[in-house]
Amino acid sequence: MNWLDLLKDPNAQWILMASLLLGLSSGVLGSFAYLRKQSLMGDALAHAALPGICIAFMLTGSKNIFFFLIGAAVAGLIATFGIGYITRNSRIKQDSALGLVLSVFFGIGIVLLTQIQHGGSGNQSGLDKFLFGQAAGMVRSDVITMVVISGLLVGLCALFFKEFKLLSFDPGFARGMGFPVAMLDQLLMFLIVVSVVVGIQAVGVVLMAAMLITPAVSARYWTEKLGVMVVLAGIFGALSGVMGTFLSSLDNHLPTGPLTVLSATAWFLISVLFAPRRGVVAKLLLRLSVKRDVNFEIEQRRQVEKEAGSL
């Protein structure tokens with residue numbers, strides 16, 4: 001299937017739109033998570049969402065994306081509060097608390113998933129697809145839900161951009177200015193939870209963290225300004241979604257989610273190599289230029305000393 005065929009196929013159009021907006025919202029929110037040194041938070045929340053999805057299926061008995069979103073969001077929020085509680089009330093640091101919550105929730109999710117798969121409705125549940133994602137299996141209602149939520153996430157980030165900027169760089173100053181730092185922190189965590197939950201069906205719990213962080217890290221190589229970084233991260237995420245969808249359309253056996261993550265990794269490698277100031281090529285050219293200038297200056301001094309000695 002070429003680009004023209006992809007754009008003509010109604011089902012492919014919906015998947016393309018969902019992947020594009022998923023990458024866009026993930027990149028925008030991931031920028032704030034990355035700057036706040038909470039890169040592992042997306043990974044923890046993605047893994048924590050699995051038991052919520054399983055419990056939602058066990059309670060409702062149907063594969064309804066709306067109930068899955070509620071279950072995963074509740075599980076993600078519980079994980080967020082759990083990480084905060086462990087960090088505040090013990091000597092355990094945040095990275096250790098993240099690893100602890102991630103492993104416990106994911107273990108519970110795998111146990112529940114095994115129980116469901118061995119139950120009477122296991123063959124119809126398809127919950128194992130949430131581990132690595134299956135964008136091609138989404139129906140129109142699922143895509144509409146993803147589109148609406150992704151649009152709301154981007155809109156809220158634009159609305160609270162100034163507050164999130166202060167929260168990311170100087171929460172103490174934000175608190176002194178009278179901003180409700182604790183409430184903003186929880187709001188940002190909630191938006192990350194929602195972003196993770198809405199992308200799980202397309203990318204899966206294992207790979208969703210990559211969609212949050214990789215576009216943000218790629219964008220960081222190109223600029224020093226937060227606004228530009230957020231826009232670039234959204235663009236890189238959106239392009240990754242488009243590329244992943246197109247590549248998966250070339251063969252029915254190619255999964256969209258992993259290809260989207262690999263596309264984001266490709267943009268990261270391009271950024272590492274060719275970013276104008278931080279890229280490897282730019283630094284190499286700078287070193288060669290400095291070395292050439294130093295050698296030229298040394299040669300000039302030698303020439304001057306030689307001429308002075310001849311006099």
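**Figure 1. Crossing of helices H9 and H11 in the predicted model.** The axes of H9 and H11 cross at roughly 105° and come within 10 Å of each other. H9 is therefore roughly perpendicular to H11, since angles of 65 to 115 degrees fall in that class. On the H9 side, the contact is made by Glu 163, Phe 164 and Leu 167. H11 contributes Val 181, Leu 184, Asp 185, Leu 187, Leu 188 and Leu 191. By class, this contact of H9 with H11 has seven nonpolar and two charged residues, and no polar ones.

**Figure 2. Packing of helix H8 against helix H9.** H8 covers residues 140-159 and H9 covers residues 161-169. Their axes lie 5 Å apart, at an angle of about 75°. The two helices are therefore roughly perpendicular to each other. Cys 157, Ala 158 and Leu 159 of H8 meet Phe 161, Glu 163 and Phe 164 of H9. Five of the residues in this contact of H8 with H9 are nonpolar and one is charged, with no polar residue present. Glu 163 and Phe 164 of H9 take part here, and Glu 163 and Phe 164 are also listed in the contact of H9 with H11.

**Figure 3. Surroundings of Met 189 in helix H11.** Met 189 counts as buried because its relative accessibility is 3%, and the limit for buried is under 20%. Leaving aside neighbours within four places in sequence, Met 189 is in contact with Arg 36, Gln 38, Met 41, Leu 45 and Thr 80. Ala 44 is 145 residues from Met 189 in sequence, and the C-alpha atoms of Ala 44 and Met 189 are 12 Å apart in space.

**Figure 4. The second largest pocket and its lining.** This pocket has a volume of about 260 Å³. Its lining consists of 13 residues, and Gly 84, Arg 88, Gln 94, Asp 185 and Gln 186 lie nearest the centre of the pocket. Helix H4 (65-89) and helix H11 (181-203) each supply at least two lining residues. H4 gives the most, with six residues. By class, the lining has six polar, four nonpolar and three charged residues. Asp 185, listed here among the residues nearest the pocket centre, is also one of the H11 residues in the contact with H9.

**Figure 5. Trp 222 in the loop between helices H12 and H13.** The loop that holds Trp 222 joins H12 (208-220) and H13 (226-249). Trp 222 has a relative accessible area of 32% and is therefore partly exposed, as values between 20% and 50% are classed that way. Apart from neighbours within four places in sequence, Trp 222 is in contact with Leu 232, Phe 236, Ser 271, Phe 274, Ala 275 and Pro 276. One of these, Ser 271, is 49 residues from Trp 222 in sequence. The C-alpha atoms of Trp 222 and Ser 271 are 7.2 Å apart in space.

**Figure 6. The chain as the setting for the close-up views.** The predicted model has 15 helices and zero strands. Its C-alpha trace spans about 100 × 55 × 35 Å along the principal axes. Of the 311 residues in the chain, 45% are buried. Among contacts between residues at least 6 apart in sequence, 71% join residues at least 24 apart.

Technical notes. Residues numbered from 1 in each chain as written. Predicted model: local features only at pLDDT ≥ 70, side-chain atom pairs only at ≥ 80, totals over all residues. Heavy atoms only, no water. Axes fitted to C-alpha atoms, helices over the stretch in contact; angles between N-to-C directions. Helix = DSSP H or I, 4+ residues; strand = E, 2+ residues; numbered from the N terminus. Parallel < 35°, antiparallel > 145°, perpendicular 65-115°, else oblique. Contact = heavy atoms within 4.5 Å. Nonpolar A, V, L, I, M, F, W, Y, C, P; charged D, E, K, R; others polar. 1 Å grid on protein atoms, 1.4 Å probe; cavity = no way out; pocket = protein on both sides within 12 Å on 5 of 7 lines; lining within 4 Å. Points joined across faces, edges and corners; volume = space filled by probe spheres on them. Buried < 20%, exposed > 50% of the residue type's maximum accessible area, 1.4 Å probe, protein only.
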